[in-house]
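Here's a walk through one protein chain, element by element. Have the viewer open and follow along.

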Amino acid sequence: MTTKVEKICAETINENRSVDILQEASRLIKCGSLVAFPTETVYGLGANALDETACAGIFAAKGRPADNPLIIHISSLNMLEDLCEITPTVQKLIDAFWPGALTIVMKRKGKVPDIVSAGLNTVGVRFPSNLIARALIEASAVPIAAPSANLSGSPSPTKAEHVFDDFDGKIPMIIDGGAVDIGLESTVIDASGEYVTILRPGSIDAKKLGEVLGYEVGYVKIGDDEAPKSPGMKHRHYSPKANLHLAGSYEEVENIRDEVLMKTAKEPLCIIMEKEGENYCADMEIFKISKYSDMEMYARNLFTSLRYADSKGYETVIVQTVPEEGLGIAIMNRLKKAASGC
Ligand code: TXA
Ligand code: MG
């Protein structure tokens, strides 16, 4: 199969060329094929959420374990009623955060195929703010199930090129909407019970959720023999092929680098933040991920930097970490999982 990559700009989405591309993409969705598309968080690998066979295609293409449910993307609130139960709490969250980077897990209705929910009695839904994503869903006239458009276990795609690297020849079309805004996947919250909990941290953090809900929102942590609330928590995630080490400071980066060189004599890639007046000078390639303490820029470039390391064949990567507060919680969640390989 040839994989077509078609460019669309959100600014020119109503021009003929873009409309034609969206028509073609929606035809593919309607006939059960897969289309990758941009969202504000990461690129998604989409299929008609109401078509069981089409959704099975997502699992097959990604190599995704069948017990890891898909999230459904909608382009209008009308689409939501058929999918799940909208409680007053859910309505509050919708009013405050949609469209946006928040996936809400709710009690599901019978129209959602079992395969999407991986047999759970809940379904995760998101109303993206990205205009291209919304135009695609609207043109397809069905909700679109879409996990991140990467092979299972590898870093999420933040550019169309990343999707192409993983799915060239395996899907008919990638819509290239340029680099994404946020760079980390949406916050996933469980709103199916009495109190809302965070299953996966993202750019909408506990503080923002707590302000809307009026109570402190906690994170679900899974113990060793506890069944995970969000099946994705137990699967391998975000990992580059290279071995990943985390370092808090420039000094620690240097120490780990020395150890690596002693063991393998192969230069690692160091991914570091730029500090004004304190330039990291080293006689090797470094990847400057962001300005110091610019968490948004760091998030936007994180998966790009890990994929860059793999594309250049590095065996070891050392990443300078960020404090675990605000967006840093979501960043460190991804980095720790990537480093532990699980
Ligand atoms: O930003 C995003 O969320 C991106 C874009 C494409 O929208 N999508 C994404 O999908 O990251 P995925 O499949 O890579 O991650 C969805 C996460 C998984 O960890 C999955 O286990 C969890 O959401 N999830 C989905 N449905 C769930 C449910 N019913 N109950 C608990 N967790 C669920
Ligand atoms: Mg994913």
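In which sense do strand 13 and strand 14 pair, and over how many bridges? The sense is parallel, and five bridges join strand 13 to strand 14 (residues 286-291). Keep in mind while reading on that this is a predicted model.

**Around strand 13**

Strand 13 covers residues 269-274, and five of its six residues are buried. Besides strand 14, strand 13 has strand 15 (residues 316-320) running parallel to it, joined by three bridges. To find your way in the viewer, here are some residues that stand opposite each other, with one pair from strands 5 and 9 thrown in.

| Residue | Stands opposite | Strand of the opposite residue |
|---|---|---|
| Leucine 269 | Valine 317 | Strand 15 |
| Methionine 273 | Serine 290 | Strand 14 |
| Leucine 102 | Threonine 187 | Strand 9 |

**Two domains, two cores**

The domain assignment splits the chain into domain 1 (4-219) and domain 2 (243-340). Their centres, taken over C-alpha atoms, are 29 Å apart. The two do touch: 22 residues of domain 1 are in contact with 14 residues of domain 2.

Now for the nonpolar cores. The largest one has 67 residues, and Leu93, Trp98, Ile104 and Ile175 touch the most other members. A second, separate core has 26 residues, including Leu269, Ile271, Val317 and Ile331. As a general rule, nonpolar side chains in soluble globular proteins tend to be buried together.

Isoleucine 175 is a nice one to click on. Leaving aside neighbours within four places in sequence, its contacts include Ile8, Leu22, Val35, Phe37, Tyr43, Ile132 and Leu136. Glu6 and Pro38 are also among the residues that isoleucine 175 contacts.

**The open sheet**

Next up is a sheet of 11 strands: it is open, with mixed pairing, and the order reads 1-8-2-3-7-4-6-5-9-10-11. Strand 1 (4-7) and strand 11 sit at the edges with a single partner strand each, so one side of each has no neighbour in the sheet. Further in, strand 5 and strand 9 pair in the parallel sense over four bridges.

**Helix 7**

Which residues of helix 7 are buried? In this helix (residues 206-213), they are Ala206, Leu209, Gly210 and Leu213. Looking down the axis of helix 7, you'd see these buried residues within an arc of 100°, so they line one face of the helix. Lys207 and Glu211, on the other side of helix 7, are exposed.

What does the buried side pack against? The partners of those buried residues are helix 3 (88-97), strand 5 (102-107), strand 9 (187-190), strand 10 (197-200) and strand 11 (218-219). Right after helix 7 comes glycine 214, with a positive phi near 80°.

**A word on the cysteines**

How many disulfides does the structure hold? Zero. Cysteine 31 is in no disulfide, and the nearest cysteine sulfur, that of cysteine 55, is 14 Å away. Cysteine 55 is likewise in no disulfide, with the sulfur of cysteine 31 as the nearest one. Are these two buried or exposed? Cysteine 31 is exposed, at a relative accessible area of 59%, whereas cysteine 55 is buried, at 0% relative accessibility.

Notes: Residues are numbered from 1 along each chain as its sequence is written. Chains are lettered from A and ligands numbered from 1 in the order in which they are written. This is a predicted model: local features need pLDDT of at least 70, side-chain atom pairs count only at pLDDT 80 or more; totals for chains, interfaces and linings use all residues. Side-chain values use heavy atoms; hydrogens and water are left out. Buried means under 20% relative accessible area, exposed over 50%, partly exposed in between (1.4 Å probe, protein chains only). Helices (H or I, at least four residues) and strands (E, at least two) are DSSP runs, numbered from the N terminus. The arc is that of the directions from the helix axis to the C-beta atoms. Contact means heavy atoms within 4.5 Å. A disulfide is a pair of cysteine sulfur atoms within 2.5 Å. Two strands pair if DSSP finds at least two bridges between them. A nonpolar core is a set of buried Ala, Val, Leu, Ile, Met, Phe, Trp, Tyr and Cys residues joined through side-chain atoms within 4.5 Å. Domain bounds come from an automatic or database domain assignment.
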